[in-house]
Amino acid sequence: MHGLVVYESMFGNTRQIAEAVADGLKGGMDIEVLHADSVPGEGLGDLDLLVVGAPTHVRGMPRPGTRKGAPDNMSRPGSSLVLEPEADSRPGVREWLASLDDLRIRGAAFDTRIKGSATLTGQASRGIARSLKHLGVELIVPPESFLVDKKTRLLPGEVDRARAWGVQLAESAVARSATKS
Ligand SMILES: Cc1cc2nc3c(=O)[nH]c(=O)nc-3n(C[C@H](O)[C@H](O)[C@H](O)COP(=O)(O)O)c2cc1C
(Lines give C-alpha, C1' and ligand atoms only; values in the text may rest on other atoms or scores of the structure.)
Protein backbone atom coordinates (compact mmCIF):
# COMPACT_ATOMS: atom_id res chain seq x y z
CA MET A 1 0.00 0.00 0.00
CA HIS A 2 1.08 3.56 -0.72
CA GLY A 3 0.19 6.69 1.27
CA LEU A 4 0.89 10.40 1.01
CA VAL A 5 0.76 13.09 3.71
CA VAL A 6 0.35 16.61 2.28
CA TYR A 7 0.73 19.65 4.54
CA GLU A 8 1.52 23.32 4.82
CA SER A 9 3.05 25.01 7.83
CA MET A 10 4.20 28.52 8.76
CA PHE A 11 6.03 27.87 12.01
CA GLY A 12 6.68 24.11 11.89
CA ASN A 13 3.88 22.74 14.08
CA THR A 14 1.83 21.25 11.26
CA ARG A 15 5.00 19.93 9.58
CA GLN A 16 5.98 18.20 12.84
CA ILE A 17 2.50 16.68 13.15
CA ALA A 18 2.55 15.60 9.47
CA GLU A 19 5.89 13.85 10.04
CA ALA A 20 4.60 12.14 13.20
CA VAL A 21 1.42 10.96 11.41
CA ALA A 22 3.63 9.60 8.59
CA ASP A 23 5.78 7.84 11.16
CA GLY A 24 2.68 6.11 12.53
CA LEU A 25 1.45 5.22 9.04
CA LYS A 26 4.80 3.64 8.12
CA GLY A 27 3.90 0.45 9.98
CA GLY A 28 1.09 -0.18 7.47
CA MET A 29 2.30 1.24 4.13
CA ASP A 30 5.00 3.06 2.15
CA ILE A 31 4.58 6.69 2.97
CA GLU A 32 5.77 10.05 1.66
CA VAL A 33 5.39 13.52 3.23
CA LEU A 34 5.20 16.53 0.89
CA HIS A 35 4.49 20.24 1.18
CA ALA A 36 1.33 21.12 -0.76
CA ASP A 37 3.29 23.08 -3.37
CA SER A 38 5.56 20.10 -4.14
CA VAL A 39 3.01 17.39 -4.91
CA PRO A 40 3.42 15.96 -8.44
CA GLY A 41 0.40 16.45 -10.69
CA GLU A 42 0.24 12.77 -11.65
CA GLY A 43 -0.32 9.58 -9.69
CA LEU A 44 -2.64 10.70 -6.88
CA GLY A 45 -5.36 8.35 -8.14
CA ASP A 46 -3.09 5.37 -7.42
CA LEU A 47 -2.72 6.20 -3.73
CA ASP A 48 -4.24 3.93 -1.08
CA LEU A 49 -4.43 6.81 1.41
CA LEU A 50 -4.16 10.61 1.19
CA VAL A 51 -3.80 12.56 4.45
CA VAL A 52 -4.01 16.37 4.30
CA GLY A 53 -3.22 18.84 7.09
CA ALA A 54 -2.89 22.60 7.63
CA PRO A 55 -2.70 25.12 10.45
CA THR A 56 -5.99 26.80 11.33
CA HIS A 57 -5.97 30.44 10.20
CA VAL A 58 -8.92 32.69 11.03
CA ARG A 59 -11.05 29.60 11.79
CA GLY A 60 -10.31 27.84 8.50
CA MET A 61 -7.64 26.87 5.98
CA PRO A 62 -4.86 29.45 5.44
CA ARG A 63 -5.32 31.97 2.62
CA PRO A 64 -2.69 34.11 0.89
CA GLY A 65 -3.70 37.07 3.10
CA THR A 66 -3.46 35.18 6.41
CA ARG A 67 -0.07 33.71 5.42
CA LYS A 68 1.29 37.13 4.46
CA GLY A 69 0.34 38.70 7.80
CA ALA A 70 1.45 35.79 9.97
CA PRO A 71 5.09 36.76 10.58
CA ASP A 72 4.03 40.21 11.86
CA ASN A 73 1.10 38.82 13.85
CA MET A 74 3.31 36.33 15.62
CA SER A 75 6.53 38.29 16.16
CA ARG A 76 5.99 39.24 19.77
CA PRO A 77 8.97 40.32 21.86
CA GLY A 78 10.84 37.22 23.02
CA SER A 79 9.05 34.92 20.56
CA SER A 80 11.18 31.99 19.41
CA LEU A 81 8.99 31.22 16.37
CA VAL A 82 10.90 30.54 13.17
CA LEU A 83 9.19 30.91 9.79
CA GLU A 84 9.39 27.81 7.56
CA PRO A 85 11.07 28.45 4.16
CA GLU A 86 8.97 30.87 2.06
CA ALA A 87 5.95 30.02 4.22
CA ASP A 88 4.38 33.46 3.83
CA SER A 89 4.41 33.39 0.02
CA ARG A 90 4.20 29.78 -1.23
CA PRO A 91 0.78 28.29 -2.10
CA GLY A 92 -0.63 25.83 0.41
CA VAL A 93 -3.30 23.23 0.96
CA ARG A 94 -6.26 25.42 -0.06
CA GLU A 95 -4.75 26.22 -3.49
CA TRP A 96 -3.56 22.64 -4.00
CA LEU A 97 -6.99 21.16 -3.22
CA ALA A 98 -8.60 23.68 -5.58
CA SER A 99 -6.30 22.50 -8.39
CA LEU A 100 -7.34 18.82 -8.18
CA ASP A 101 -9.80 16.82 -10.25
CA ASP A 102 -11.95 13.92 -9.02
CA LEU A 103 -10.10 11.50 -6.74
CA ARG A 104 -11.72 8.15 -5.98
CA ILE A 105 -9.38 7.25 -3.11
CA ARG A 106 -9.46 7.10 0.70
CA GLY A 107 -8.27 9.91 2.89
CA ALA A 108 -8.21 11.83 6.15
CA ALA A 109 -7.82 15.44 7.30
CA PHE A 110 -6.07 17.08 10.25
CA ASP A 111 -5.11 20.52 11.47
CA THR A 112 -3.26 22.29 14.22
CA ARG A 113 -5.12 24.94 16.22
CA ILE A 114 -5.18 26.65 19.58
CA LYS A 115 -6.52 24.56 22.45
CA GLY A 116 -10.13 25.47 23.20
CA SER A 117 -13.65 24.89 22.01
CA ALA A 118 -13.59 24.16 18.26
CA THR A 119 -16.71 26.31 17.96
CA LEU A 120 -14.59 29.30 18.93
CA THR A 121 -11.22 28.42 17.36
CA GLY A 122 -12.49 26.95 14.09
CA GLN A 123 -10.78 23.90 12.54
CA ALA A 124 -8.94 23.94 9.21
CA SER A 125 -9.48 20.16 9.06
CA ARG A 126 -13.22 20.64 8.56
CA GLY A 127 -12.64 22.70 5.43
CA ILE A 128 -10.05 20.22 4.21
CA ALA A 129 -12.47 17.33 4.82
CA ARG A 130 -15.21 19.17 2.93
CA SER A 131 -12.91 19.75 -0.05
CA LEU A 132 -11.70 16.15 -0.03
CA LYS A 133 -15.28 14.82 0.02
CA HIS A 134 -16.18 17.18 -2.80
CA LEU A 135 -13.35 15.65 -4.85
CA GLY A 136 -14.74 12.16 -4.20
CA VAL A 137 -12.31 11.11 -1.45
CA GLU A 138 -13.80 8.67 1.08
CA LEU A 139 -12.86 9.93 4.55
CA ILE A 140 -12.07 6.94 6.76
CA VAL A 141 -11.85 8.83 10.09
CA PRO A 142 -13.33 12.13 11.31
CA PRO A 143 -11.19 15.31 10.95
CA GLU A 144 -8.66 15.56 13.80
CA SER A 145 -7.04 18.57 15.52
CA PHE A 146 -3.66 18.70 17.23
CA LEU A 147 -3.38 21.47 19.77
CA VAL A 148 -1.02 24.34 20.53
CA ASP A 149 -0.88 26.87 23.37
CA LYS A 150 -1.41 30.60 22.93
CA LYS A 151 2.30 31.01 22.17
CA THR A 152 2.00 28.62 19.20
CA ARG A 153 3.84 25.76 20.91
CA LEU A 154 2.51 22.24 20.44
CA LEU A 155 1.10 20.97 23.73
CA PRO A 156 3.02 18.15 25.43
CA GLY A 157 1.99 14.76 24.06
CA GLU A 158 0.53 16.03 20.78
CA VAL A 159 3.36 14.65 18.61
CA ASP A 160 2.91 11.23 20.22
CA ARG A 161 -0.86 11.50 19.75
CA ALA A 162 -0.29 12.28 16.05
CA ARG A 163 1.89 9.19 15.70
CA ALA A 164 -0.80 7.06 17.38
CA TRP A 165 -3.44 8.61 15.09
CA GLY A 166 -1.26 7.58 12.12
CA VAL A 167 -1.06 4.00 13.41
CA GLN A 168 -4.87 3.83 13.75
CA LEU A 169 -5.31 5.37 10.32
CA ALA A 170 -3.04 2.76 8.73
CA GLU A 171 -4.96 -0.04 10.46
CA SER A 172 -8.24 1.37 9.26
CA ALA A 173 -6.95 1.80 5.68
CA VAL A 174 -5.52 -1.72 5.57
CA ALA A 175 -8.75 -3.22 6.95
CA ARG A 176 -10.88 -1.36 4.39
CA SER A 177 -8.69 -2.33 1.48
CA ALA A 178 -8.88 -5.99 2.59
CA THR A 179 -12.69 -5.98 2.79
CA LYS A 180 -13.58 -3.72 -0.14
CA SER A 181 -11.13 -4.56 -2.94
C1 LIG B 1 -2.65 34.31 10.76
C2 LIG B 1 -3.00 33.28 11.81
C3 LIG B 1 -4.32 33.05 12.13
C4 LIG B 1 -4.64 32.07 13.08
N5 LIG B 1 -5.97 31.82 13.36
C6 LIG B 1 -6.29 30.82 14.24
C7 LIG B 1 -7.66 30.50 14.47
O8 LIG B 1 -8.58 31.10 13.92
N9 LIG B 1 -7.92 29.48 15.33
C10 LIG B 1 -6.92 28.79 15.98
O11 LIG B 1 -7.22 27.87 16.74
N12 LIG B 1 -5.61 29.08 15.75
C13 LIG B 1 -5.28 30.07 14.91
N14 LIG B 1 -3.96 30.36 14.67
C15 LIG B 1 -2.93 29.56 15.37
C16 LIG B 1 -2.38 28.45 14.48
O17 LIG B 1 -3.41 27.63 13.96
C18 LIG B 1 -1.45 27.55 15.27
O19 LIG B 1 -0.47 28.30 15.93
C20 LIG B 1 -0.81 26.48 14.38
O21 LIG B 1 -0.32 25.43 15.17
C22 LIG B 1 0.32 27.02 13.54
O23 LIG B 1 0.82 25.96 12.77
P24 LIG B 1 2.15 26.07 11.93
O25 LIG B 1 3.29 26.17 12.95
O26 LIG B 1 2.21 24.80 11.17
O27 LIG B 1 2.04 27.27 11.08
C28 LIG B 1 -3.61 31.33 13.75
C29 LIG B 1 -2.28 31.61 13.41
C30 LIG B 1 -1.96 32.56 12.46
C31 LIG B 1 -0.52 32.81 12.12
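## Strand β3 and its surroundings

From β3, Leu49, Val51, Gly53 and Pro55 point one way while Leu50, Val52 and Ala54 point the other way, and all of them are buried. Here a residue is buried if 20 or more other C-beta atoms lie within 10 Å of its own, exposed if 12 or fewer, and partly exposed in between, with C-beta atoms placed from the backbone. Because 7 of the 7 residues of β3 are buried, this strand is largely enclosed by the rest of the structure.

A word on the source: this is a predicted model, in which local features need pLDDT of at least 70 and side-chain atom pairs count only at pLDDT 80 or more, while totals for chains, interfaces and linings use all residues. Residues are numbered from 1 along each chain as its sequence is written.

Let us start with the whole protein. It has 6 helices and 6 strands, following the pattern β-α-β-β-α-α-β-α-α-β-β-α along the sequence. Helices (H or I, at least four residues) and strands (E, at least two) are DSSP runs, numbered from the N terminus. The C-alpha trace spans about 55 × 35 × 30 Å along its principal axes. For 181 residues, a compact globule would have a radius of gyration near 16 Å, and the protein agrees with its 16 Å; the radius is taken over C-alpha atoms, and the globule rule is 2.2 Å times the number of residues to the power 0.38. Buried residues account for 40% of the 181.

Back to β3 and its partners. Two strands pair if DSSP finds at least two bridges between them, and the table gives the pairings of β3.

| Strand pair | Sense | Bridges | A bridge in the pair |
|---|---|---|---|
| β1 and β3 | parallel | 5 bridges | Leu4 with Leu50 |
| β3 and β4 | parallel | 6 bridges | Leu50 with Gly107 |

Just ahead of this strand, Leu47 sits in the loop between β2 (30-35) and β3. Leu47 is partly exposed, with 19 other C-beta atoms within 10 Å. Its contacts, leaving out residues up to four places away in sequence, are His2, Gly3, Leu4 and Ile105; two residues are in contact if their C-beta atoms, placed from the backbone, lie within 7 Å. Leu47 and Arg106 are 59 residues apart in sequence, yet 8.1 Å apart from C-alpha to C-alpha.

Next comes the nonpolar core, a set of buried Ala, Val, Leu, Ile, Met, Phe, Trp, Tyr and Cys residues joined through C-beta atoms within 7 Å. The largest one has 37 residues, and Val5, Val6, Val21, Val51, Val52, Val93 and Ile128 touch the most other members. Elements that each supply at least two residues include β1 (2-7), β3 (49-55), β4 and α6 (158-180), while α1 gives the most, with 6 residues. Beyond its neighbours within four places in sequence, Val21 contacts Val5, Val51, Phe110, Ala162, Trp165 and Gly166.

Finally, the ligand is surrounded by 23 residues, the closest being Ser9, Phe11, Thr14, Pro55 and Arg113. A residue counts as near if its C-beta atom, placed from the backbone, lies within 6 Å of the molecule. At least two residues of this shell come from each of α1 (13-25), α2 (64-74) and β4 (106-114), and α2 has the largest share, 5 residues.
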